[in-house]
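Reader: Please take the annotated domain in this structure and go through it closely. I would also like to see how it sits against the partner chain, and how far the model can be relied on there.

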Amino acid sequence: MTTLPTSVGTSESTLGAAGTTPAAPRGRRRRRGPNASQWTAAAFATPLLVYLVLFYAYPLWRNIDLSVHDYNIRAFVQGNAEYVGFENFAEVFASSTFPTALWNTVAFTFVSIAFQFAIGLALAVFFRSSFRLSNVLRALFLVPWLLPLIVSASTWAWMLSSENGIINSVIGAFGIGQINWLTSPDTALIAVTIANVWLGIPFNLVILYSGLQNIPGEVYEASSLDGAGAWRQFRSITLPLLRPVSAITILLGLIYTLKVVDVIWIMTTGGPGDASTTFAVWSYREAFGTGQPDFSPAAAVGNILILVALVFGFLHLQLQRRQEASS
Amino acid sequence: MTSTRPWWKTALGVLFTALMLFPVYWMVNVSLTQTKDLRASPPHWFPWEPTFEGYERVFAQQMPALGTSLIVGLGCVLLTIVVAAPAGYALAQLNLRGGKTLNFLLLVAQMIPAVVMSMGFYAIYVRLGLLNTVGGLIVADSTIAVPFGVLLYTAFMSGIPRELLQAARVDGAGPWRTFISVVVPVSRNSTVTVALFAFLWAWSDFIFASTLNRNGDLIPITLGIYNYIGNNTTQWNAIMATAVVASVPAAVLLVLAQRFVAAGVTAGAVKD
């Protein structure tokens, strides 16, 4: 153990020989109290703190500023937008898009997570006992998660296209007529949800799989000695012992799904009409999706999303604390 | 041993993987299909007469976009590591006051939708004239990776034995020396994971690119694909060829750095 630090240290001490004189008082100062070491800690954290203020706090503050003013493109450049208080929020809540977007967000999120989690868990259990090629196959499952979203989304858009899509061709072989997946208001949300489920399976699989690895094998051996079958083992061992990891997986899934813009925008642009518009897509469309940017209501919708993020942030913290307490 | 590893599981696993990867296969298949066969019914399941028209077009038109994405990705990696590694050290080993609050802020930061950030950045960049610049895009893209990077570094650096750092101090190394010559080399694996994800996220980013860099001379490859979809909806072989080329980094990383990928996905969700 000691060989590693000394071998690193000796090469450094020759280099830093000239620096020993100033280093000695520095060491003495550190011993004087917690203050000096706090300064060191703060110095190392400074880049991050500056970064967070400039590139997180400032843009977020600008976003709140946008939502309480009446900004258009000209006011944007000149910076003389009129203060309107909560008018933009009132406008958003009264908008006919609001109930649709709310329902779509809830349905898209809930259905996506239910399927991602169920399929991810089933696959994780399947891959738990290793078999020939299991590691290679499990690695291949990561591919959808690593591809740029625009790649996956445009591939799904082409697969689901009405006349030339492979999906319609396959279900046509079973006697089902053409479905206008992306252009019919009845199916647009289903279509983007299918693509999003596919995107989320790898994430769920990987996390739940590593959660399963932490369950000791003896527990399963003991229960099979007691005559428990596979289903019984799943219900009485896997599910309860996996609960903390499952909770975090679902929460991270929620956060990710609420943020989704790319997939929906590329496949349907939230349409037809508002048929597949979620809050995040709505915000994007108001600000950047049309010829006439309407930043203020877009920022208002965005601020609602931030509030939701804060709530989930607290939830995440609670879950993590509980997990740490239990382990 | 073979009796505990039944062949039917392998067969089933191959089937599941094939189903899962079908869209990826389809992307490659369409990218090689001749234009006249794109609208064939039923669609061609296999590119019997492959064409490379699509790829020729990619290399003729999209090279600047690929270069831009590469620069943005590398810039994002650099910025993320420079900000995240020292902060991780401060949080993990130096008992930074307010560290818990900072951790919470980073968690919340990860949850803020990119579309919200993009509006804020847009408002700032309009004034500063940073719209449509590569630098502006690098900064915006790095906001996806920095909180993740800090949390990952903190988790790893907490595990560095105190004796190792004390030994460096005994040898006369100050905090900065200790950081550069002990902490950073020991945390090499974390750096690889952070770099990998920072690159991949910047490379894949669509939201910041489409909002902050939409009229730039140098557009990244994701916008290249997006503009393609908007402009000629008939040339899906060319669109899919671009998509295949844009997927190359992901494929390379999966082959070369699979264990780092898995480490990054589970970071923050599962305690080892």
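## The annotated domain and its surroundings

Author: In an unreviewed entry, UniProt lists residues 102–316 of chain A as "domain: ABC transmembrane type-1". The model is predicted, and the domain boundaries come from that record. In the model, residues 102–316 of chain A are 75% helix and 0% strand, with 23 Å between the end C-alpha atoms. Chain A as a whole has 17 helices and 2 strands. Of its 327 residues, 42% are buried. Among the contacts in chain A with a separation of 6 or more, 68% are between residues 24 or more positions apart.

Confidence comes next. The average pLDDT of chain A is 82, and 88% of the residues score at least 70. By element, the lowest mean pLDDT in chain A is 31, for helix α1 (residues 3–15), and the highest is 93, for helix α6 (residues 97–128). The pLDDT is below 50 over residues 1–33 of chain A, a stretch that has 27 contacts in the model beyond near neighbours in sequence.

The same unreviewed entry type also gives "transmembrane region" spans for chain A: residues 36–58, 101–127, 139–159, 188–209, 241–258 and 298–317. Residues 188–209 of chain A are 100% helix and 0% strand, and their end C-alpha atoms lie 32 Å apart. Residues 36–58 of chain A are likewise 100% helix and 0% strand, with 30 Å between the end C-alpha atoms.

Which residues touch the most other members of the largest nonpolar core? They are Ala195(A), Val263(A), Met267(A) and Ala198(B), in a core of 174 residues. Helix α11(A) gives the most to this core, with 16 residues. Val263(A) contacts Ala195(A) directly, and its other contacts outside its neighbours within four places in sequence are Leu149(A), Ala153(A), Val192(A), Asn196(A) and Leu199(A).

Ahead of α11 (188–213) of chain A, the loop that starts after α10 (166–173) holds Thr183(A). Is Thr183(A) buried or partly exposed? Thr183(A) has 16 C-beta neighbours inside 10 Å, so it counts as partly exposed; burial would need 20 or more. Apart from neighbours within four places in sequence, Thr183(A) has contacts with Ser162(A) and Pro272(A). The C-alpha atom of Gly271(A), 88 residues away along the chain, is 7.6 Å from that of Thr183(A).

The partner is chain B, which has 13 helices and 0 strands. Of its 272 residues, 54% are buried. Its C-alpha trace spans about 75 × 70 × 30 Å along the principal axes. Among its contacts between residues at least 6 apart in sequence, 78% join residues at least 24 apart.

The contact between the chains takes 92 residues from chain A and 90 residues from chain B. On the chain B side, helix α1 (residues 7–31) gives the most, with 13 residues. By class, this side of chain B has 66 nonpolar, 17 polar and 7 charged residues.

One residue of chain B shows the contact in detail. Met119(B) is in helix α5 (residues 114–128) of chain B. It has 32 other C-beta atoms within 10 Å, and is therefore buried. Not counting residues up to four places away in sequence, Met119(B) touches Asn63(A), Leu66(A), Ala287(A), Phe295(A), Ala298(A), Ala299(A) and Gly302(A). Within its own chain, the C-alpha atom of Met119(B) is separated by 8.9 Å from that of Leu212(B), 93 residues apart along the chain.

Helix α4 (residues 99–111) of chain B has 13 residues and reaches 19 Å from its first C-alpha to its last, close to the 18 Å expected at 1.5 Å a residue. Its buried residues are Leu102(B), Leu106(B), Leu107(B), Ala109(B), Gln110(B) and Met111(B).

For chain B, an unreviewed UniProt entry lists as "transmembrane region" residues 7–28, 70–92, 104–125, 137–157, 178–203 and 236–257. Residues 104–125 of chain B are 91% helix and 0% strand, with end C-alpha atoms 28 Å apart. Residues 178–203 of chain B are 96% helix and 0% strand, and the end C-alpha atoms are 33 Å apart.

Definitions and conventions:
Residues numbered from 1 in each chain as written. Chains lettered and ligands numbered in written order. Predicted model: local features only at pLDDT ≥ 70, side-chain atom pairs only at ≥ 80, totals over all residues. Helix = DSSP H or I, 4+ residues; strand = E, 2+ residues; numbered from the N terminus. Buried ≥ 20, exposed ≤ 12 C-beta atoms within 10 Å, placed from the backbone. Contact = placed C-beta atoms within 7 Å. Nonpolar A, V, L, I, M, F, W, Y, C, P; charged D, E, K, R; others polar. UniProt positions renumbered as here; feature names shortened; annotations may be inferred. Expected span 1.5 Å × (residues − 1). Core = buried A, V, L, I, M, F, W, Y, C linked by C-beta atoms within 7 Å. pLDDT = per-residue confidence, 0-100.
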